[in-house]
Amino acid sequence: MTTAIEKIGYDKCTGCFGCYNVCDFNAIEMKLDKLGFYYPKIYKSKCTNCNKCYNVCPIIICNKENRDINKLKVYGAHSLDENIRKISSSGGISTELGRYILRDNGVVFGVAWNKDFLVHHIEIREEKDIFKIIGSKYIQSNVLDTYEKIYKITNEEKKKVLFIGLPCQVAALKNIVNNNNLITVDLICHGVP
Ligand SMILES: Cc1cc2nc3c(=O)[nH]c(=O)nc-3n(C[C@H](O)[C@H](O)[C@H](O)COP(=O)(O)OP(=O)(O)OC[C@H]3O[C@@H](n4cnc5c(N)ncnc54)[C@H](O)[C@@H]3O)c2cc1C
């Protein structure tokens, strides 16, 4: 059996961090390539051919049900808070969804800048911190071990989690976490620059 990245090839890999999050043997590291995109690097000596990476890769395991246009419902909405609208990239609905989950004792994951001007997914448990994830960052996020954390929070803490990220990241997460405590928001995205 080959690893997921060997099966799909680098040109199809979205750098979603799914394989990295499920590898129990630290055989996968996410590395920036020379153009600044994250790709998995496999340490063959540590790989046990367990197939976990294969089973969560959204390019291999692709839920086509989500693409059925007849099952979609479409709504339009924006935040009623003018300050939120001003600092958001669109209508600020992601912040409103985040606030709702936090007030319901849940946890929110979204993308924030760090001090090196790179972006990464962070965990938010208090409403005062929600501003950290407001606004589109047109650079690929370092997902770190976010999916693993969400697996634990939804299964062990039994809390609701709202994950906001790119469609490839949401597809990977849903291949890893499959329970009713997970709520996802994916952006319209035609690729990280
Ligand atoms: C990489 C990228 C590509 C996009 N491509 C398109 C496009 O092709 N067409 C289009 O109409 N709109 C595109 N958008 C814009 C996107 O649809 C807007 O971010 C969204 O409409 C903003 O909604 P908001 O005002 O509710 O939220 P905001 O408060 O402005 O922010 C939305 C949320 O986006 C998340 N986010 C920000 N940057 C990233 C990132 N780099 N990776 C993952 N999540 C992130 C944050 O967690 C935040 O919670 C893109 C955004 C990004 C980040």
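**Salt bridges, ligand shell and local backbone features**

Arg99 is buried, as its relative accessible area is 17% and the limit for a buried residue is under 20%. This value, like those that follow, comes from a predicted model. A convenient place to start is the set of charged contacts around this arginine. Where does the side chain of Arg99 find its partner in a salt bridge with a nitrogen-to-oxygen distance of 3.8 Å? The partner is Glu127. Arg99 belongs to helix α5, which spans residues 93–103, while Glu127 sits in the loop that runs from β4 (119–124) to α6 (146–155), so this pair ties together parts of the chain that are 28 residues apart in sequence.

Glu127 also forms a salt bridge with Arg103, and here the N to O distance is 2.8 Å. This second pair likewise links distant parts of the chain, with Glu127 in the loop between β4 and α6 and Arg103 in helix α5, 24 residues apart. Are the three side chains buried or exposed? Arg99 is buried at 17%, Glu127 is partly exposed at a relative accessible area of 32%, and Arg103 counts as exposed with a relative accessibility of 60%. The value for Arg103 lies over the 50% limit, which is why the residue is placed in the exposed class.

A further salt bridge joins Glu126 and Lys128, whose closest N and O atoms are 3.8 Å apart. Glu126 is partly exposed, at 45% relative accessibility, whereas Lys128 counts as exposed at 58%. Salt bridges with shared partners also connect Asp81, Glu96, Arg99, Arg103 and Glu127 into one network. In total, the model holds 16 salt bridges.

Attention now turns to the ligand. The residues around the ligand number 26, and those that come nearest are Ser89, Ser90, Val111, Ser136 and Lys137. By residue class, this shell is made up of 12 nonpolar, 13 polar and 1 charged. Several backbone atoms make polar contacts with oxygen atoms of the ligand. In Gly92, a backbone N or O atom lies 2.9 Å from a ligand oxygen. For Ile93, the corresponding distance between a backbone N or O atom and an oxygen atom of the ligand is 3.0 Å. A polar backbone atom of Ile133 is placed 3.4 Å from an oxygen atom of the ligand.

How much of the ligand does the protein bury? Taken alone, the ligand exposes 900 Å², and 85% of that area is buried by the protein. Helix α5 and the strands β3 (107–113) and β5 (161–165) are the elements that contribute two or more residues to the shell. Helix α5 provides the largest share, with 3 residues. Helix α5 thus appears in both parts of this account, as it also carries Arg99 of the salt bridge with Glu127.

Away from the ligand, the surface offers a nonpolar patch to look at. The patch consists of Ile69, Leu72 and Val74, which together have about 360 Å² of accessible area. Leu72 of this patch is located in the loop between α3 (52–56) and α4 (82–87).

The backbone holds a few local features as well. Most residues other than glycine have a negative phi. Which sign does phi take in Asn49? Asn49 has a positive phi, of about 55 degrees, although this residue is not a glycine. Asn49 lies in the loop between β2 (38–42) and α3, and its relative accessible area of 44% makes it partly exposed. Phe117, also a residue other than glycine, has a positive phi near 60 degrees. Phe117 is part of the loop between β3 and β4, and at 65% relative accessibility Phe117 counts as exposed.

Finally, the loop between β4 and α6 contains Asn142, just as it contains Glu127. Asn142 is buried, with a relative accessible area of 18%, a value under the 20% limit. Which backbone atom lies 3.1 Å from a polar atom of the Asn142 side chain? The atom is the backbone nitrogen of Leu144.

How values were computed
Residues are numbered from 1 along each chain as its sequence is written. This is a predicted model: local features need pLDDT of at least 70, side-chain atom pairs count only at pLDDT 80 or more; totals for chains, interfaces and linings use all residues. Side-chain values use heavy atoms; hydrogens and water are left out. A salt bridge is a side-chain nitrogen of Lys or Arg within 4 Å of a carboxyl oxygen of Asp or Glu. Helices (H or I, at least four residues) and strands (E, at least two) are DSSP runs, numbered from the N terminus. Buried means under 20% relative accessible area, exposed over 50%, partly exposed in between (1.4 Å probe, protein chains only). A residue is near a molecule or strand if one of its heavy atoms lies within 4 Å of it. A polar contact is a pair of N or O atoms within 3.5 Å; within protein, one must be able to donate a hydrogen and the other to accept it, and residues adjacent in sequence count only if both atoms are side-chain atoms. Accessible areas come from the Shrake-Rupley method with a 1.4 Å probe; for residues, only the protein chains shown count as cover. Ala, Val, Leu, Ile, Met, Phe, Trp, Tyr, Cys and Pro count as nonpolar, Asp, Glu, Lys and Arg as charged, and the others, Gly among them, as polar. Patches are made of residues with over 30% relative accessible area and no salt bridge: like charges are joined within 9 Å, nonpolar side chains (Val, Leu, Ile, Met, Phe, Trp, Tyr) within 5 Å.
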